[in-house]
Amino acid sequence: APASGGPLTASLDPLEIMRANLCLGCHVLDGEGVATGPPFDGMGDRIDADRIRRSILDPATEAAEGYEQLLGQMPPTVVDMLSARQLEVLVQFLAGQGG
């Protein structure tokens, strides 16, 4: 991680942001990643952009249905590794993941 604690990548590509921040170490998108946490596939069909944003900003607040046992497992520092623009890019990308 950068010494400043800032973004791990300058990219605004959602896949690059997820890979740089190791999101796919616990979530699956299009067959890539590890199925520990809720899948990113179809996320927009399950929850809205506001809840996605809240889940990234404060991951210990609420868990996706069926993943309650993992509440608090997502690193709380994820938001510190994203710029505000990257956060919104991810939120909109994930909200657009529908079945």
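**Salt bridges, a pocket and two loops**

A search of the whole structure turns up five salt bridges. Before I go through some of them, a reminder that this is a predicted model.

Some background for the pairs. Side chains of opposite charge can pair when their charged atoms come close.

I'll start with Arg-53, which sits in helix 3. Its side chain meets that of Asp-50 in a salt bridge, at 2.9 Å from N to O. Both residues belong to helix 3 and are three residues apart, about one turn of the helix. Asp-50 has a relative accessible area of 45%, so it counts as partly exposed.

Arg-53 has another partner. With Glu-88 it forms a salt bridge in which the closest N and O atoms are 2.7 Å apart. Here the partners come from two helices: Arg-53 lies in helix 3 and Glu-88 in helix 4, so this pair ties together parts that are 35 residues apart in sequence. Glu-88 is also partly exposed, at 25% relative accessibility. Put the two bridges together and Asp-50, Arg-53 and Glu-88 become one network, joined by salt bridges that share partners.

The Arg-53 to Glu-88 pair also appears as a polar contact between the side chains, at 2.7 Å. Which residues does Arg-53 touch, leaving out those up to four places away in sequence? They are Leu-87, Glu-88, Val-91 and Gln-92.

One further salt bridge to mention joins Glu-62 and Arg-51, with the closest N and O atoms 3.0 Å apart. Glu-62 is in the loop between helix 3 and helix 4, while Arg-51 is in helix 3, so the pair ties together parts that are 11 residues apart in sequence. The relative accessible area of Glu-62 is 27%, which makes Glu-62 partly exposed.

Next, the pocket. Rolling a probe the size of a water molecule over the atoms shows where empty space is left. In this model the largest pocket has a volume of about 750 Å³. It is lined by 32 residues, and the closest to its centre are His-27, Gly-37, Pro-38, Ser-55 and Met-74.

Which helices supply at least two residues each to that lining? Helix 2, residues 43-46, helix 3, residues 49-57, and helix 4, residues 84-95. Helix 3 gives the most, with four residues. Sorted by class, the lining holds 21 nonpolar residues, seven polar and four charged.

His-27 deserves a closer look, being among the residues closest to the pocket centre. His-27 is found in the loop between helix 1 and strand 1. Is this residue buried or exposed? His-27 is buried, because its relative accessible area is 13% and the cut-off for buried is under 20%. The His-27 side chain reaches the backbone oxygen of Pro-38 at 2.6 Å. Beyond four places away in sequence, His-27 touches Glu-32, Gly-33, Val-34, Gly-37, Pro-38 and Phe-40. Gly-37 and Pro-38 in that set are also among the residues closest to the pocket centre.

The loop that holds His-27 runs from helix 1, residues 14-20, to strand 1, residues 28-29, and Gly-25 is found there too. Gly-25 is partly exposed, with a relative accessible area of 39%. Its contacts, again without residues up to four places away in sequence, are Val-34 and Thr-36. For a longer span, Gly-25 and Gln-73 are 48 residues apart in sequence, and their C-alpha atoms are 12 Å apart in space.

Last, backbone angles. Leu-22 has a positive phi of about 60 degrees, although it is not a glycine. Leu-22 is also placed in the loop between helix 1 and strand 1, and at 65% relative accessibility it counts as exposed.

Asp-30 likewise has a positive phi without being a glycine, here about 50 degrees. Asp-30 lies in the loop between strand 1 and strand 2, the latter covering residues 32-33. Its relative accessible area is 66%, so Asp-30 is exposed.

To recap: Asp-50, Arg-53 and Glu-88 share one salt-bridge network, helix 3 gives the most residues to the lining of the largest pocket, and Leu-22 and Asp-30 are non-glycine residues with positive phi.

Technical notes
Residues numbered from 1 in each chain as written. Predicted model: local features only at pLDDT ≥ 70, side-chain atom pairs only at ≥ 80, totals over all residues. Heavy atoms only, no water. 1 Å grid on protein atoms, 1.4 Å probe; cavity = no way out; pocket = protein on both sides within 12 Å on 5 of 7 lines; lining within 4 Å. Points joined across faces, edges and corners; volume = space filled by probe spheres on them. Nonpolar A, V, L, I, M, F, W, Y, C, P; charged D, E, K, R; others polar. Salt bridge = Lys/Arg side-chain N within 4 Å of Asp/Glu carboxyl O. Buried < 20%, exposed > 50% of the residue type's maximum accessible area, 1.4 Å probe, protein only. Polar contact = N/O pair within 3.5 Å; in protein donor to acceptor, adjacent residues only side chain to side chain. Contact = heavy atoms within 4.5 Å.
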